Amino acid sequence: MEDDRNIEEKLLLRLLTEKKYVLLRELLAEMNEADIAGIMDSMENEDSLRLFRILPKNMAAEVFADLELDDQAYIIQSLSETEASTIIDNMMSDDAADLLEEMPANVVTRILANARPDTRKDINHLLRYPEDSAGSVMTVEYVDFQQHMTVGDAIKKLRRVGLDSETINICYVVDKQRILVGTVALRYLIMHENDEVIGDFMNDNVISINTMTDQEEAARMFQKYGFTAMPVVDNENRMVGIITIDDVVDIIEEEATEDIEKMAAILPSDKAYLKTTVLETYKKRMPWLLLLMISATFTGAIIQNYENALASYVILTAYIPMLMDTSGNAGSQASVSIIRGLSLKEIEFSDLWQAVWKEIRVAVLCGGTLACVNFAKLMLLDRTPVTIAIIVCVTLFVVVIAAKCIGSTLPLVSAKLGFDPAVMASPLITTIVDAIALFVYFQIATNMLHLAV
């Protein structure tokens with residue numbers, strides 16, 4: 001599949017370079033819009049813009065909607081105001097709002113000034129909602145009926161506005177005040193007689209999302225109920241838009257990417273990796289690296305404090321990396337499990353002690369197994385003195401338990417305090433656990449070997 005795409009991309013570039021625009025246009029007309037957008041995303045900006053200008057008019061808006069935001073911004077700012085406004089007019093309002101939100105205010109003003117009044121109204125309506133709220137990702141292109149309408153009138157309206165709507169599989173029923181009172185699926189609509197009233201057979205058990213609901217919570221509702229579209233209402237339960245499954249897929253991808261970046265100690269970015277400049281990548285990574293470097297000085301301080309112990313038994317140094325790595329990995333396992341549970345609403349802060357108790361029991365099993373295997377290795381393969389082997393294995397058992405307790409506790413406490421639990425994942429927990437592992441190791445070694453600190 002990837003090879004086919006590379007062949008198509010090379011062919012399009014060759015036709016573009018050779019200026020065979022008629023043949024290029026014919027080839028583009030036979031391709032899928034999403035495939036064209038994928039090829040354009042991998043092109044240089046200038047080539048992408050030239051290819052976009054050759055697209056048949058009936059395809060341009062759909063291809064544009066599938067492009068990455070930075071590619072959209074480049075193209076829209078390269079077009080004339082009239083051309084840009086035409087593209088915006090033909091996009092779904094939520095996609096247009098996402099694009100304009102990332103652009104300079106003066107550019108947005110010029111584009112909206114030339115857009116249709118209804119387009120301008122819809123986009124301004126969406127831009128007023130907070131970022132990451134359900135209202136900011138919804139679309140206002142949907143089909144609604146009055147509950148007193150007949151099936152015949154409803155079908156006439158559907159034929160008139162259906163092509164401009166995000167979806168017509170589910171239509172929404174509102175009263176005169178636009179309060180959401182029900183839904184009707186297209187398949188049920190066409191199965192009833194033309195003179196039947198919609199209010200008589202509509203589904204009045206409606207599940208909706210408030211405009212101020214966090215987009216991640218909205219995605220969870222889709223997962224729970226298995227819908228492909230859900231209505232969005234304001235605080236008075238008035239219908240204002242819908243969220244569709246394609247929006248939810250984007251939300252899930254965005255939230256997952258953000259969590260992964262935070263877990264890797266990187267400030268979140270909404271740009272693709274290859275689209276991000278070196279300086280931007282540096283700015284995203286440097287703050288956490290500085291913080292973790294400074295916090296890691298505690299590890300050095302512990303080692304310095306036990307210089308005498310290390311000087312007397314240099315062999316102790318050989319096992320420091322293994323103990324630190326194992327404890328860090330154990331803590332990361334626990335934290336990732338808890339963070340996932342928090343994300344899916346499977347765990348709450350009230351479950352703290354239950355989670356910690358479970359991790360302690362898991363840690364006893366894991367720590368015991370690791371200690372036994374490591375003891376056998378130290379005695380049979382490394383020929384380590386028995387006392388040193390016992391010190392290392394006891395430390396290993398203790399730090400695995402401590403690491404899993406910390407790894408399960410910190411994300412829950414972080415979420416309770418209002419911080420993102422993903423921040424408490426691998427890097428920070430590893431740094432904390434490393435310091436604890438060294439302290440425990442040297443304390444056990446000092447007590448068992450009767451060394452002077």
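Of the 453 residues in the protein, 44% are buried, where buried denotes under 20% relative accessible area, exposed over 50%, and partly exposed the range in between (1.4 Å probe, protein chains only). The model is predicted, so local features require pLDDT of at least 70 and side-chain atom pairs count only at pLDDT 80 or more, while totals for chains, interfaces and linings use all residues. Residues are numbered from 1 along each chain as its sequence is written, and side-chain values use heavy atoms, with hydrogens and water left out.

The protein exposes about 24,300 Å², of which carbon and sulfur atoms supply 57%; accessible areas were obtained by the Shrake-Rupley method with a 1.4 Å probe, and for residues only the protein chains shown count as cover. The secondary structure amounts to 23 helices and six strands, taken as DSSP runs (helices H or I, at least four residues; strands E, at least two) numbered from the N terminus. Contacts are defined by heavy atoms within 4.5 Å. Among contacts between residues at least 6 apart in sequence, 67% join residues at least 24 apart.

Three strands form an open sheet of mixed pairing, in the order β1-β2-β3; two strands pair if DSSP finds at least two bridges between them. Strands β1 (144-146) and β3 (180-185) stand at the edges with a single partner strand each, so one side of each has no neighbour in the sheet. Neighbouring strands of this sheet are turned by 35° against each other on average, direction ignored, with axes given by lines fitted to C-alpha atoms (for helices, over the stretch in contact) and angles running from 0 to 180 degrees between N-to-C directions.

Strand β2 (residues 170-174) pairs with β3 in the antiparallel sense over five bridges. Val 174 has Leu 180 of β3 as its bridge partner, and Tyr 172 is bridged to Thr 183 of β3. Strand β3 is mostly covered, with five of its six residues buried. The two strands β2 and β3 form a hairpin with five residues between them. Arg 178, in the loop between β2 and β3, has a positive phi of about 65° although it is not a glycine. Most residues other than glycine have a negative phi. At 32% relative accessibility, Arg 178 is partly exposed.

A second arginine with positive phi is Arg 383, at about 55°. Arg 383 is found in the loop between α21 (352-380) and α22 and is exposed, at 66% relative accessible area. Helix α22 (residues 386-416) has 31 residues and an expected span of 45 Å, which agrees with the 45 Å between its end C-alpha atoms; the expected span is 1.5 Å times one less than the number of residues. Just after α22, Gly 418 takes a positive phi of about 95°.

A search of the whole structure finds zero disulfides, a disulfide being a pair of cysteine sulfur atoms within 2.5 Å. The sulfur of Cys 393 has its closest cysteine sulfur in Cys 372, 8.0 Å away and too far for a bond. Cys 393 is buried, with a relative accessible area of 7%; Cys 171 is also buried, at 0%.

Gln 215 is found in helix α15 (residues 215-225) and counts as buried at 1% relative accessibility. Leaving aside neighbours within four places in sequence, Gln 215 is in contact with Asp 132, Ser 133, Ala 134, Val 137, Ile 251, Glu 254 and Glu 255.
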